[in-house]
Amino acid sequence: MEMEKQARQRYSRQVMFHGIGEKGQEKLERSSIVIVGCGALGSNAANLLVRAGVGKVRIVDRDFVEYHNLQRQVLFDENDVKEQLPKAIAAKRRLNAINSLIEVEAIVADINVSNMERFCSGVDVILDGLDNLETRYLVNDAALKLGIPYVYGGAISSFGMTMTIIPGRTPCFRCVFPDMLPGGAMPTCETDGVLGTAAAAISSFEATEAIKIMVGSDKLNKDLISLDIWDGSFQRLPITRKEGCPACNGNYEFLKNKKTLLKSSLCGQSRAVQIVDTASGEIVFKQLAARLTDVQNLTHNEYMLSFDADNCHITVFQDGRAIIRNTLDEKQAEKLYYRYVRGH
Ligand SMILES: [Zn+2]
């Protein structure tokens with residue numbers, strides 16, 4: 001009873017809003033969402049949605065908190081950097097403190113073809129907090145296959161875009177962006193930077209769309225919204241379904257990629273390559289630490305182990321994934337990964 005009273009007070013200002021009301025609030029409390037990527041977009045959206053009372057929030061992120069994140073990633077603080085916490089874990093801790101009525105699930109993992117469908121299963125909405133295009137095509141395929149609404153959002157520099165994808169009803173991400181540009185052709189927050197205000201604006205649109213989907217509003221965004229927060233400009237671009245779009249026709253090409261060794265350069269991290277070997281198992285940090293006798297600055301906590309070797313800084317996660325910093329050479333990163341992390 002106490003809990004109910006607390007909840008009623010907590011959400012009172014939002015319940016007064018005509019678009020939500022008592023019924024809408026109850027729907028929110030019964031709803032669930034997965035936030036894929038917990039950087040600037042993901043952490044701002046998670047903050048808004050947990051405060052709004054969305055019942056279950058699952059957060060998936062592969063990275064850990066660093067000082068250069070604090071300018072825009074609102075869930076994190078200096079202690080998270082000092083404790084070397086993964087973003088998903090730090091986000092859960094903060095979100096639990098903000099609203100203890102919400103079930104927050106933290107998953108520290110790279111989102112890839114091997115786990116995409118599992119991470120998105122059983123939720124009402126998928127919200128985009130990603131920093132790269134490849135994963136967005138994968139999320140789009142999974143959303144259409146599973147029939148789950150997907151709210152796309154992206155921000156770079158002072159600019160951002162968002163659209164809402166309702167499987168079977170609206171254009172999908174691939175209808176609007178049919179071709180994946182080759183790596184390096186797109187600006188990233190590493191090359192062009194990103195304003196915290198631009199990310200906050202776009203993620204506010206994303207969170208609002210997610211809320212509208214959950215309460216069953218008929219006012220969903222039907223366009224591609226783009227804005228430039230520095231210029232103060234805002235546009236709505238009409239979008240249409242593309243004839244022959246593979247994803248809309250049930251051909252989920254990005255979910256068929258059977259490669260087990262995945263290599264990618266990371267956005268927002270200077271000179272870093274991530275290696276994921278989905279065929280190899282989990283890492284036991286104690287065993288790995290005992291084997292690594294010829295490396296420098298070896299440390300580990302519950303979530304990650306890091307060390308320096310061959311002029312690179314290597315961070316290993318429990319799921320067997322590693323981020324190799326101070327290199328852009330994927331071949332070299334792969335060699336270091338197998339030599340140190342896998343021991344062969
Ligand atoms: Zn499509």
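Reader: What marks glycine 232 in the hairpin of β7 and β8?

Author: Glycine 232 takes a positive phi near 75 degrees, in a hairpin with four residues between the strands. The model is predicted, and local features need pLDDT of at least 70, side-chain atom pairs count only at pLDDT 80 or more, and totals for chains, interfaces and linings use all residues. Residues are numbered from 1 along each chain as its sequence is written.

Reader: Why are β7 and β8 said to pair?

Author: Two strands pair if DSSP finds at least two bridges between them. Six bridges join β7 to strand β8 (residues 233-238) in the antiparallel sense, so the requirement of at least two is met. Within this pair, leucine 227 stands opposite phenylalanine 234 in β8. Strands (E, at least two residues) and helices (H or I, at least four) are DSSP runs, numbered from the N terminus.

Reader: What joins β7 to strand β6?

Author: Four bridges, antiparallel in sense, link strand β6 (residues 159-165) to strand β7 (residues 223-228). Methionine 161 stands opposite serine 226 in β7.

Reader: How do you know that the end-to-end distance of helix α6 agrees with its 12 residues?

Author: The expected span is 1.5 Å times one less than the number of residues. For α6 (residues 87-98) this gives 16 Å, and the end C-alpha atoms are 16 Å apart, so the two agree.

Reader: Which residues of α6 are buried, and what covers them?

Author: Lys87, Ala88, Ile89, Ala90, Ala91, Lys92 and Leu95 are buried, a term that requires 20 or more other C-beta atoms, placed from the backbone, within 10 Å of the residue's own (exposed: 12 or fewer; partly exposed: in between). Their cover includes α4 (40-52), β2 (56-61), α5 (78-82) and β3 (103-108).

Reader: What makes a group of residues a nonpolar core, and which residues have the most contacts inside the largest one?

Author: The term denotes buried Ala, Val, Leu, Ile, Met, Phe, Trp, Tyr and Cys residues joined through C-beta atoms within 7 Å. The largest such core has 94 residues, with Ala46 and Ile59 having the most contacts inside it. Helix α11 (residues 196-215) gives the most to this core, with 11 residues. Beyond its neighbours within four places in sequence, alanine 46 is in contact with Ile35, Cys38, Val57, Ile59, Leu75, Ala91 and Leu95; contact means that C-beta atoms, placed from the backbone, lie within 7 Å.

Reader: Which domains does the assignment give, and how many residues make their contact?

Author: The assignment gives domain 1 (11-249) and domain 2 (260-341), with bounds from an automatic or database domain assignment. Their contact takes 16 residues from domain 1 and 13 residues from domain 2.

Definitions and conventions. Contact = placed C-beta atoms within 7 Å.
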